[in-house]
Amino acid sequence: MNNQHNQHLHHMNNRRNFLKQVSLLSVGAFTTNIAAPVFANANRRQKSTMEDSLTVPPYLQNLTATSVYVMFITAVKSYSWIEYEGSDGTVQKAHMEDDGLYDAYVKLNKIYIPDLQPGRAYRYRVCSKPITLFEPYKLEYGEEVRTAWFTFNTPAADAKEVSCVVLNDIHDSPEAFGKLLSLVKDRPYEFVALNGDTFNYQTDEQQIIDHLLLPCTNVFASQKPFLMIRGNHETRGKFRREFKNYFALPNDKYHFSFEQGPVFWVVLDTGEDKPDDHPVYAGIVDFDGLRERQAKWLAEVVETKAYKEAKYRVVLMHIPPYHSGDWHGPMHCQKLFSPIFEANNVDLVVSGHTHRYGVHPPDTDHSYPILIGGGSKDGSRTIMHIAANAQQLHVDMIRDDGEKVGEYTVS
C-alpha cells in the first residue's frame with residue numbers, strides 16, 4: 001500500500017509540474033514576431049482540457065531548411081495533427097500518414113512537415129481529438145483541443161553563420177537543463193546537441209518524459225530542436241530499444257551528418273566502452289560491428305562535395321578518440337575514426353564521457369583539437385557554446401557556476 005501511495009504521489013507531482021510548464025508556454029514564454037493567441041478559444045474550460053490532453057508538449061526534431069518533425073505525447077489514444085502557417089498567413093495541416101491511413105489511436109506522435117521555405121519563421125499548434133470508441137465501422141471522438149501557437153525558424157540554405165550549444169553527461173538530472181541553458185540565455189543558438197549519457201540507463205517512457213522531454217520543452221524544445229546523440233549509458237536497460245521511438249533521427253540512425261551555416265556536422269554513435277563479450281552485456285550486443293559500419297559510412301561522407309567544400313568540419317561523438325583511457329571502446333574509436341579525421345581535415349571533435357572537462361589542442365597524437373565536456377555532478381557540469389561565421393569558429397566552455405573554463409578558436 002505504501003508503494004502504491006508513493007507512486008500516486010509521484011504521478012501527481014509530475015502532473016503539477018507539467019501544468020506549471022504548460023502555463024508558462026501558454027502565456028507567451030517564447031519570443032516571436034507573429035502574434036500568438038493563447039488558445040484557439042481562450043477560456044478556462046479549453047485550457048484545462050488541453051492540459052489534461054497532453055502529457056508532453058510539442059518538441060522539434062530534425063529541423064532542416066525545408067522540413068521539420070514535431071513530436072508530442074497525448075494522455076489518451078487520439079487522432080492528432082499539426083496546423084502551421086508561414087508569413088503569408090495560410091494555415092496548412094500535417095498528419096502522420098502511411099499507406100493512406102492517418103496514424104490515429106496513438107499517444108506518441110511524430111508528425112513530418114515538408115515543403116517549408118528556408119530562412120523563414122513559422123508558427124504551429126497541436127490539434128487533437130481523443131478517440132473514445134474505435135470499432136470497425138464506428139469511431140467516436142471526444143472534445144477537440146488545440147494548444148497555443150509555438151514558433152520556429154528554418155535555417156537559411158546559404159547561411160553564413162551558425163550557433164549551437166552542447167550538453168553532455170546529464171545522467172538523469174533534469175534540473176541541469178534549465179541551470180546550464182540559463183548560462184547562455186543571452187547568446188544565440190539554433191539547436192542543442194545532447195552529446196551522450198543524458199540518462200544512466202533506459203527504464204521506461206516515464207523516465208524519458210520526466211528527465212528529458214518535459215525539462216527541455218519547458219526551456220527550449222518547442223521552438224528549437226535538439227540532437228539526441230547516444231552515449232554508452234543510453235545502450236543500457238530494458239527500454240533501450242524503444243528509446244529511439246521518441247526522436248526523429250535522420251535515416252533512423254544515431255549516426256548522421258548535416259550542413260548548417262558554414263559547418264559540416266558529423267554525429268557518431270560511439271557505442272559502449274567495454275568489450276562486447278563483457279559479462280554485463282550478456283552476449284546481446286555488437287558495438288564493434290556498429291563502429292566498423294560507421295567507419296565505412298564516414299569514409300564515404302568525407303568524399304562528398306558538401307564535406308570537402310565546407311568551411312569547417314565538426315564531429316560530435318560521446319566517447320573521445322583520445323584522452324579517455326585505454327578501455328576497449330575508446331581505443332576502438334581511436335583505431336577506426338582518428339585516421340579518417342587526420343586524413344580529411346577535421347577541424348574540431350567535441351565529446352564527453354570522461355567527466356573531466358578539458359581543451360586538448362592538436363599534439364603529436366592528433367592533429368585536430370578535442371574538447372571534452374564536464375561531468376554529471378554540480379560543480380563539474382559544463383555547457384559549450386559553438387558559433388561559426390566566415391572569419392572563425394569559436395567555442396566557449398562554461399562551468400555550471402558561470403565561469404568560463406575553456407575556449408578554442410578555429411580560424
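**Close-up views of a predicted model**

**View 1. F239 in its loop.** The loop between β13 (226–229) and β14 (256–260) is the place of F239. The model shown in this and the following views is predicted. F239 has a relative accessibility of 16% and counts as buried, because the cut-off for buried is under 20%. Setting aside neighbours within four places in sequence, the contacts of F239 are Q202, T203, D204, E205, I208 and Y246. One of these, T203, is 36 residues from F239 in sequence, yet the two C-alpha atoms are 5.1 Å apart in space.

**View 2. The whole chain, for orientation.** Seven helices and 22 strands make up the secondary structure of the chain. The chain has 411 residues, and 53% of them count as buried. Contacts between residues at least 6 apart in sequence were also sorted by separation: 70% of them join residues at least 24 apart. The exposed area of the chain is about 18900 Å², of which carbon and sulfur atoms supply 48%.

**View 3. Helix α7 and its kink.** Helix α7 covers residues 328–343, which is 16 residues. From the first C-alpha of α7 to the last, the helix reaches 23 Å, close to the expected 22 Å. Within α7 there is a kink of about 40° at F337, and the proline P339 comes shortly after the kink. Beyond the helix, α7 is followed by N345, which has a positive phi near 55°.

**View 4. The buried residues of α7 and what they pack against.** In α7 the buried residues are G329, P330, H332, C333, Q334, L336, F337, S338, I340 and F341. F337, where the kink lies, is therefore among the residues under the 20% cut-off for buried. The buried residues of α7 pack against one helix, α5 (287–301), and against the strands β15 (263–268), β16 (312–317) and β17 (348–351).

**View 5. The second largest cavity.** Rolling a probe the size of a water molecule over the atoms shows where empty space is left. In this model the count comes to two cavities of 30 Å³ or more. The second largest cavity has a volume of about 40 Å³. Its lining is formed by F264, V266, L298, V302, Y307, R313, V314, V315, I340, F341 and V346. The elements giving two or more residues to this lining are β15, β16 and α7. Of the lining of the second largest cavity, β16 supplies the largest share, with three residues. Two of the lining residues, I340 and F341, also appear among the buried residues of α7.

**View 6. N62, a residue with positive phi.** Most residues other than glycine have a negative phi. N62 is not a glycine, but its phi is positive, about 50°. The loop between β1 (54–61) and β2 (68–85) holds N62. Is N62 buried, exposed or partly exposed? N62 has a relative accessible area of 25% and is partly exposed, because this value lies between the cut-offs of 20% and 50%.

**View 7. D99, with positive phi in another loop.** D99 has a positive phi of about 55° and is not a glycine. This residue sits in the loop between β4 (97–98) and β5 (101–102). The relative accessibility of D99 is 72%, so D99 counts as exposed, the cut-off being over 50%.

Methods: Residues are numbered from 1 along each chain as its sequence is written. This is a predicted model: local features need pLDDT of at least 70, side-chain atom pairs count only at pLDDT 80 or more; totals for chains, interfaces and linings use all residues. Side-chain values use heavy atoms; hydrogens and water are left out. Helices (H or I, at least four residues) and strands (E, at least two) are DSSP runs, numbered from the N terminus. Buried means under 20% relative accessible area, exposed over 50%, partly exposed in between (1.4 Å probe, protein chains only). Contact means heavy atoms within 4.5 Å. Accessible areas come from the Shrake-Rupley method with a 1.4 Å probe; for residues, only the protein chains shown count as cover. The expected span of a helix is 1.5 Å times one less than its number of residues. The bend at a residue is the angle between axes fitted to the seven residues ending there and the seven starting there. On a 1 Å grid over the protein atoms alone, a cavity is a set of points where a 1.4 Å probe fits but cannot get out, and a pocket is an open set with protein on both sides within 12 Å along at least five of seven lines; lining residues have an atom within 4 Å of a point. Grid points are joined across faces, edges and corners, and a volume is the space filled by probe spheres set on the points.
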